[in-house]
Amino acid sequence: MNVSGEGQGPEMTERHISGRSLRIGFDLDGVVYDFRKALSEYLVGAGHPQCTVEAARPDWDFFHGWGLSLDEYMDLYRAGVDAGYVLRVGDPLPGVVDAMRRLTDAGHTIHIVTDRSVGSEPGISAQHTAAWLAEHRFVFNSLTFSSDKTVVPTDYFIDDRYENYLARKKAGLGCHLLTRTWNVELGDRSTMRVKSVDEFVQTVLAAGTTLQGLESSRAS
Ligand SMILES: [Mg+2]
């Protein structure tokens, strides 16, 4: 599924032609949305008191800290989505709405790519995602649901899953790995990491300014 508002209006077209506009990609879970916290809140409220954020394991398979198998975890995740809680409730992680706004204010476009296809009703995770983004007034240009993060070509991308970072790099696409407890021990010194979304924004804005400077000097 792809919802795109690209190329609408003369202003956007002009920015694309000028070449100064960069395409910036964002993953959602673990970058923009505190998925573990939302699932924990739902499960504790649904009679699973052991499923606290504190008890979650710090690695990718955090649900093992709650004594859940992968199948049990997937069943409870689905129940949380069906209940309209997981993917729908919870504040954005601090600063992320402002981060996207700063990038669009600088003339760049925002492309969200998320691996969300859970729920008993077809399309329910996409509906929750769109409603949540609208509720919190996110500014973005396209929203794509895909487990393959290489499907949307962008100049920059931020993701918290090391495998996604590797896949994008292998495809020749930009990516920064947002350091989280579940990826901190992966990769090596060449891995392009950022400690925060704010650091990612600073990196993109600096690159945009450099590009603009290069164009100005070429034009003169
Ligand atoms: Mg993620």
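## Strands, partners and Val194: a friendly tour

Read along the sequence, this protein runs β-α-β-α-α-α-β-α-β-β-α-β-β-α. Helices (H or I, at least four residues) and strands (E, at least two) are DSSP runs, numbered from the N terminus. This is a predicted model, where local features need pLDDT of at least 70 and side-chain atom pairs count only at pLDDT 80 or more, while totals for chains, interfaces and linings use all residues. Residues are numbered from 1 along each chain as its sequence is written.

User: How many helices and strands are there in the protein?
Analyst: Each letter in the pattern β-α-β-α-α-α-β-α-β-β-α-β-β-α stands for one of these elements. The count comes to seven helices and seven strands.

User: Are Tyr156, Phe157, Ile158 and Asp159 in strand β5 buried or exposed?
Analyst: A residue is buried if 20 or more other C-beta atoms lie within 10 Å of its own, exposed if 12 or fewer, and partly exposed in between, with C-beta atoms placed from the backbone. In a regular strand the side chains alternate between the two faces of the sheet. In β5 (residues 156-159), Tyr156 and Ile158 lie on one side and Phe157 and Asp159 on the other, and they are all buried.

User: Which residue in β5 stands opposite Gly25?
Analyst: Two strands pair if DSSP finds at least two bridges between them. Strand β2 (residues 23-26) and β5 are parallel and joined by three bridges. In this pairing, Phe26 faces Ile158, and Gly25 faces Phe157.

User: Which residue in β6 is the bridge partner of Asp159?
Analyst: β5 also runs parallel to strand β6 (residues 176-178), with two bridges between them. Together with helix α6 (residues 162-170), these strands make a right-handed β-α-β unit; with the strands pointing away from the viewer, the path from the first strand over the helix to the second runs clockwise. The partner of Asp159 in β6 is Leu177.

User: Which residue in β3 is the bridge partner of Gly25?
Analyst: β2 pairs with strand β3 (residues 109-114) in the parallel sense, over four bridges. There, Gly25 is matched with His111.

User: Why is Val194 buried, exposed or partly exposed?
Analyst: Val194 sits in strand β7 (residues 193-194). Beyond its neighbours within four places in sequence, Val194 has contacts (C-beta atoms, placed from the backbone, within 7 Å) including Ile158 and His176. Because 16 other C-beta atoms lie within 10 Å, Val194 is partly exposed.

User: What distance separates the C-alpha atoms of Val194 and Ile158?
Analyst: These two residues are 36 apart along the chain. Their C-alpha atoms are separated by 8.6 Å.

Key:
Contact = placed C-beta atoms within 7 Å.
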